[in-house]
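Here is a short briefing to keep beside you while you look at the structure. Take it at your own pace, with the viewer open.

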Amino acid sequence: MKPLNKYFDHTLLKAEAKPVDIEKLCAEAKEYDFYSVCVNSCYVEEAAKLLKDTDVKIAAVVGFPLGACTTETKAFETEEACRGGASEVDMVLNVGMLKAGRDSYVEEDIRAVVRAAGKYNAIVKVILETCLLTDEEVVKACNLSKTAGAHFVKTSTGFSSGGATVHHVSLMKKTVGETLQVKASGGIRDYETARAMIDAGADRIGASATVAIMEEAE
């Protein structure tokens, strides 16, 4: 098993986040050698400068937090983020289209982002927003993500009615097996919860309380 710090995407996505907060986020990521920082796309270039000459990666969110913009918008935002220095893209799938049974739309929406990210060899994580889905819909979203060529499925934005649960992480891992990886995010604020997500099959954890979790683990 990899060291705990390497599970973490150290995250700051709040609307009120200021450049000084991104500086602090990146400084903490360097200090703890987290896997990555996860930021809104307007801060990708700033994070890239701050993390130059480190192995901390940059993840940018796309179509965040609702996933309801056009496919073309998501693809454009993906390319912008990758050009700015993001090597990972966390996109929100179109929940309404999934629930309406518009599977081909959802699959093509993901594929367009995968294609755009692929030009930069960037990883794509698909945020399912599991709190809004039935188990059947979670399984379907995982399978569509797999077919569309994504690299990860991710539980939540952290901005809806609920975050990651052990049940959803376990269901997602069971569905994707070793083909895709699973990221748990949303409401993970202590070591016990983080550990439970990892034990359930999470390959990556998205959290803003990452430093507190590391201190608790120590």
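The notes below go through one lysine, two pockets, a group of aromatic rings and some backbone details. Please keep in mind that this is a predicted model.

**A buried lysine**

- Lys154 sits in strand S6, which covers residues 152–154.
- Is Lys154 buried or exposed? Its relative accessibility is 3%, so Lys154 counts as buried, the cut-off being under 20%.
- The side chain of Lys154 has a polar partner: it makes a polar contact with the side chain of Asp90, at 2.8 Å.
- Asp90 also appears among the contacts of Lys154 once neighbours within four places in sequence are left aside, together with Val126, Ile127, Leu128, Glu129, Met172, Lys183 and Ser185.

**The largest pocket**

- The largest pocket holds about 380 Å³ of space.
- Its lining is made up of 21 residues, and those nearest the centre are Thr157, Gly158, Gly186, Gly187 and Ser208.
- Strands S1 (8–12), S7 (181–185) and S8 (204–207) are the elements that each give two or more residues to this lining.
- Sorted by class, the lining of the largest pocket has 11 polar, six nonpolar and four charged residues.

**The second largest pocket**

- For the second largest pocket, the volume is about 190 Å³.
- Which residues line the second largest pocket? They are His10, Thr11, Leu12, Lys14, Asp21, Lys24, Leu25, Glu28 and Ser208.
- Ser208 is therefore a residue to look at twice, as it is listed in the lining of the second largest pocket and lies among the residues nearest the centre of the largest pocket.
- Strand S1 and helix H1 (19–32) each supply at least two residues of the lining of the second largest pocket, and H1 gives the largest share, with four residues.
- By class, four residues in the lining of the second largest pocket are charged, three are polar and two are nonpolar.

**Aromatic rings**

- The model has three aromatic pairs.
- One of them joins Phe8 and Phe34 edge-to-face, with 5.9 Å from centre to centre and 80 degrees between the planes.
- That pair links distant parts of the chain: Phe8 belongs to strand S1, while Phe34 is in the loop between H1 and strand S2 (36–39), 26 residues apart.
- Tyr32 and Phe34 form a stacked pair, 5.4 Å centre to centre with 10 degrees between the planes.
- Through these ring pairs, Phe8, Tyr32 and Phe34 are linked into a cluster.
- Phe8 is buried. Phe34 counts as buried because its relative accessibility is 0%, and Tyr32 is buried because its relative accessible area is 14%.

**Backbone details**

- Most residues other than glycine have a negative phi, and most peptide bonds are trans. The bullets below are exceptions to look for.
- The peptide bond from Phe64 to Pro65 is cis, with omega near 0 degrees. Pro65 lies in the loop between strand S3 (57–62) and helix H3 (71–84).
- Asn121 is not a glycine, yet its phi is positive, at about 55 degrees. Asn121 is found in the loop between helix H5 (103–118) and strand S5 (123–127), and it counts as exposed because its relative accessibility is 72%.
- Glu129 also has a positive phi, near 55 degrees. Glu129 lies in the loop between S5 and helix H6 (135–147), and it counts as buried because its relative accessibility is 4%.
- Glu129 is also one of the residues in contact with Lys154.

Technical notes:
Residues are numbered from 1 along each chain as its sequence is written. This is a predicted model: local features need pLDDT of at least 70, side-chain atom pairs count only at pLDDT 80 or more; totals for chains, interfaces and linings use all residues. Side-chain values use heavy atoms; hydrogens and water are left out. Buried means under 20% relative accessible area, exposed over 50%, partly exposed in between (1.4 Å probe, protein chains only). A polar contact is a pair of N or O atoms within 3.5 Å; within protein, one must be able to donate a hydrogen and the other to accept it, and residues adjacent in sequence count only if both atoms are side-chain atoms. Contact means heavy atoms within 4.5 Å. On a 1 Å grid over the protein atoms alone, a cavity is a set of points where a 1.4 Å probe fits but cannot get out, and a pocket is an open set with protein on both sides within 12 Å along at least five of seven lines; lining residues have an atom within 4 Å of a point. Grid points are joined across faces, edges and corners, and a volume is the space filled by probe spheres set on the points. Ala, Val, Leu, Ile, Met, Phe, Trp, Tyr, Cys and Pro count as nonpolar, Asp, Glu, Lys and Arg as charged, and the others, Gly among them, as polar. Rings of Phe, Tyr and Trp (its six-membered ring) pair if their centres lie within 6.5 Å; planes under 30 degrees apart count as stacked, over 60 as edge-to-face and the rest as tilted.
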